[in-house]
Amino acid sequence: MGRVEGKVAIITGAARGMGEADARRLVEEGAKVVLTDVLDDQGEAVAAELGEGARYRHLDVSDAEQWKAVVEETVADWGGVDVLVNNAGIANGAELHRFRHDKWQQILDVNLTGTFYGCQAVTETMIAAGGGSIINVSSIEGMRGTPWAHGYVAAKWAVRGLTKSVALELAPHGIRCNSLHPGLVRTPITEGIPDDMIPIPLGRLGTVEDVANFVLFLASDESSYATATEFVVDGGTINGIPHKQL
């Protein structure tokens with residue numbers, strides 16, 4: 001039996017990158033997975049490859065009505081939602097005095113409000129089922145600051161805080177909510193960043209599979225006593241201080 005056998009999961013931003021890897025890992029371990037994204041052709045192709053245990057649905061995470069429709073359809077088709085992975089996200093940046101308001105609003109709408117809408121949309125069905133696991137993908141930028149990335153940093157810090165308030169409110173219903181904080185992982189969103197951009201104590205970039213293994217753990221009952229917690233997957237990055245070799 002797989003580690004998430006019989007569970008139903010919704011994953012956002014699942015057409016590629018970390019979300020795609022999460023979907024593949026959960027399906028491998030027995031879950032039924034609804035992959036959502038705005039990249040319809042790519043998402044449909046991944047779902048078709050994964051077979052009967054997966055399906056694709058279009059979802060703009062910044063649209064509360066689209067969230068409602070996806071959750072209602074999932075419940076109608078598969079009986080409920082046991083796991084939500086709020087993975088969808090974008091990145092942008094500029095010098096502080098050149099950071100346009102529309103870019104600021106865009107990144108908050110997707111990275112923060114989209115996560116809030118997801119938590120909100122699955123609450124009733126998870127309460128009715130007596131439990132569930134919500135996994136909010138933040139970043140190590142939700143634990144530190146980075147020049148130029150003001151909107152990204154603000155949103156990821158906020159996701160970290162939102163995770164805690166959601167976790168505390170929903171804990172009496174058996175619903176867990178944790179945040180995941182990847183470091184530099186090679187995905188389409190980071191393809192322009194050099195491998196040696198930042199010093200990583202373990203000496204390599206993260207892979208989407210590294211992150212997917214944590215998602216699997218948090219989706220499974222193996223993490224049943226973990227909630228309101230940050231799980232950092234960064235090769236030691238945020239604990240290192242750049243220095244010359246002695």
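Here are a few friendly notes to read alongside this predicted model.

1. Start with the sheet. Seven strands make up an open sheet, and following them across gives the order β3-β2-β1-β4-β5-β6-β7, with parallel pairing. The strand numbers do not simply follow the order along the chain, so trace them across the sheet with your finger as you look at the order β3-β2-β1-β4-β5-β6-β7.

2. Now look at the two ends of that sheet. The edge positions belong to β3 (54-58) and β7 (230-233); each has a single partner strand, so one side of each lacks a neighbour in the sheet. On average, neighbouring strands are turned by 20° against each other, direction ignored.

3. Which strand does β7 pair with? Strand β6 (residues 175-182) is joined to β7 by 4 bridges, and the two run parallel. As one example to find on screen, His-181 has Val-232 in β7 as its bridge partner.

4. Two helices pack on this sheet. Helix α1 (residues 17-28) touches β1 (8-11), β2 (32-37), β3, β4 (83-86), β5 (132-137) and β6, and its direction makes about 170° with that of β1. Helix α4 (residues 101-129) touches β4, β5 and β6, and the angle between its direction and that of β4 is about 180°.

5. Stay with β7 for a moment and look at its side chains, which alternate along the strand. Phe-231 and Val-233 point to one face and are buried. Glu-230 and Val-232 point to the other face and are not buried. Val-232 is also the residue that is the bridge partner of His-181.

6. How many cavities of 30 Å³ or more are there? The count comes to 1, and the volume of the largest cavity is about 30 Å³. Its lining is made by Thr-12, Val-61, Asn-86, Ala-88, Val-110, Gly-114 and Thr-115. Helix α4 gives the most to this lining, with 3 residues. By character, the lining residues divide into 3 nonpolar and 4 polar, with no charged ones.

7. Finally, visit the start of the chain. Gly-2 sits in the segment before β1. Is Gly-2 buried or exposed? Gly-2 counts as buried because its relative accessibility is 19%, and the cut-off for buried is under 20%. The C-alpha atoms of Gly-2 and Gly-30 are separated by 5.0 Å, although these residues are 28 apart along the chain.

Technical notes:
Residues numbered from 1 in each chain as written. Predicted model: local features only at pLDDT ≥ 70, side-chain atom pairs only at ≥ 80, totals over all residues. Heavy atoms only, no water. Pairing = 2+ DSSP bridges. Axes fitted to C-alpha atoms, helices over the stretch in contact; angles between N-to-C directions. Contact = heavy atoms within 4.5 Å. 1 Å grid on protein atoms, 1.4 Å probe; cavity = no way out; pocket = protein on both sides within 12 Å on 5 of 7 lines; lining within 4 Å. Points joined across faces, edges and corners; volume = space filled by probe spheres on them. Nonpolar A, V, L, I, M, F, W, Y, C, P; charged D, E, K, R; others polar. Buried < 20%, exposed > 50% of the residue type's maximum accessible area, 1.4 Å probe, protein only.
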